[in-house]
Amino acid sequence: MSLLGPVEIRELAERLGVRPTKKLGQNFVIDAGTVRRIVRVADLRPDDVVIEVGPGLGSLTLALLPEVRGVVAVEIDPVLAEQLPLTVAGHAPELADRLTVVLADAMRVLPEELPEDKPTALVANLPYNVSVPVVLHLLETLPSLRGVLVMVQSEVADRLAAAPGSKVYGIPSLKAAWYADVRRAGPVGRTVFWPVPNVDSGLVAMTRRQPPETTASREEVFAVVDAAFAQRRKTLRAALASWAGTAAAAEQALRAAGIDPTLRGEQLSIEDFARIAENRT
């Protein structure tokens, strides 16, 4: 099986009349070494079913197929969705039956739109402009996912993997931490993409774990997180006043949760926010 090279990718795009667009956040990976690295770092098992978001022209898809039981490629572009099975049939006909293409928006795709054999891993070069919503949506709607390895804008990778107290720690860090242990898994240079982006990229790895033990629902916990960071520079007592009804009610919930009301949101863990949520009166 041969992977797609830079010349072949450009020729295929030209034949299809496809140009990567900023609207869809598209930057196609043209370096075979990078896609092999992504597959290696993803630590996949032979019985895994991978969901790949935005497969584009298929460079990562071709690298994934030999390593797993199946790949479910979710593609929003109908031209690319129609072409992908043809590309796989041409380069790896013996693996063509492992591929399922779903024409859908990954931010809204539902489990019932996917094959019955649900994905166990998410591996993708995600469009920059929707990377966080896509990851959170799939973690929420696909409890079958045990692992994630995504390539995103470097700044987004930092935010997702940030720990409490970091300057870039915030809503993405906390919501990702509800579902998984998150870590940076290495940098990615600009020249592996076509067109070359004006920002650096990075790999983020996630390992699914149980959410914090709490009587509050995920929605209730996320509502506290959103409120705390809507006014990031304020103390939690002030930032959570609208969420709790009054500043005094916010302070009561914070003290009941064992949290100093003068702290700010970036100093708390997801477990802390869960305790606050369950102590709202």
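Helix α4 (residues 78–91) lies across β3 (70–75) and β4, running at about 170° to β4. This is a predicted model. Strands β3 and β4 belong to an open sheet of seven strands with mixed pairing. A nonpolar core of 62 residues is the largest, and a second, separate core has 42 residues.

**Sheet**

- The strand order is β4-β3-β2-β5-β6-β9-β7.
- The edges are β4 (99–103) and β7 (180–188), each of which pairs on one side only.
- From one strand to the next, the twist averages 20°.
- Strands β6 (residues 147–153) and β9 (residues 201–208) run antiparallel and are joined by seven bridges.
- Within β9, A205 stands opposite L149.
- Strands of a sheet pair through backbone hydrogen bonds, either parallel or antiparallel.

**Helices on the sheet**

- Helix α2 (residues 32–41) packs on the sheet and touches β5 (121–125), β6, β7 and β9.
- The direction of α2 makes about 155° with that of β7.
- Helix α4 contacts β3 and β4, and its angle to β4 is about 170°.

**Nonpolar cores**

- In the largest core, the residues that touch the most other members are L122, L138, M206, V221, L240, F273 and I276.
- Helix α8 (residues 218–230) gives this core its largest share, seven residues.
- The second core, separate from the largest, includes L12, A13, L60 and A63.
- Beyond its neighbours within four places in sequence, L138 is in contact with I51, V53, A106, V109, L122 and L145.
- In soluble globular proteins, nonpolar side chains tend to be buried together.

**Helix α12**

- Helix α12 spans residues 270–278, and its buried residues are I270, D272, F273, A274, I276 and A277.
- F273 and I276, both buried in α12, are also among the residues with the most contacts to other members of the largest core.
- The buried residues of α12 pack against four helices: α7 (171–179), α8, α10 (241–244) and α11 (247–256).
- One of these partners, α8, is the helix that supplies seven residues to the largest core.

**A backbone exception at D43**

- D43 is not a glycine, yet has a positive phi of about 55°.
- D43 sits in the loop between α2 and β2 (49–53).
- Is D43 buried or exposed? D43 counts as exposed because its relative accessibility is 58%, and the cut-off for exposed is over 50%.

Conventions:
Residues numbered from 1 in each chain as written. Predicted model: local features only at pLDDT ≥ 70, side-chain atom pairs only at ≥ 80, totals over all residues. Heavy atoms only, no water. Core = buried A, V, L, I, M, F, W, Y, C linked by side-chain atoms within 4.5 Å. Buried < 20%, exposed > 50% of the residue type's maximum accessible area, 1.4 Å probe, protein only. Helix = DSSP H or I, 4+ residues; strand = E, 2+ residues; numbered from the N terminus. Contact = heavy atoms within 4.5 Å. Pairing = 2+ DSSP bridges. Axes fitted to C-alpha atoms, helices over the stretch in contact; angles between N-to-C directions.
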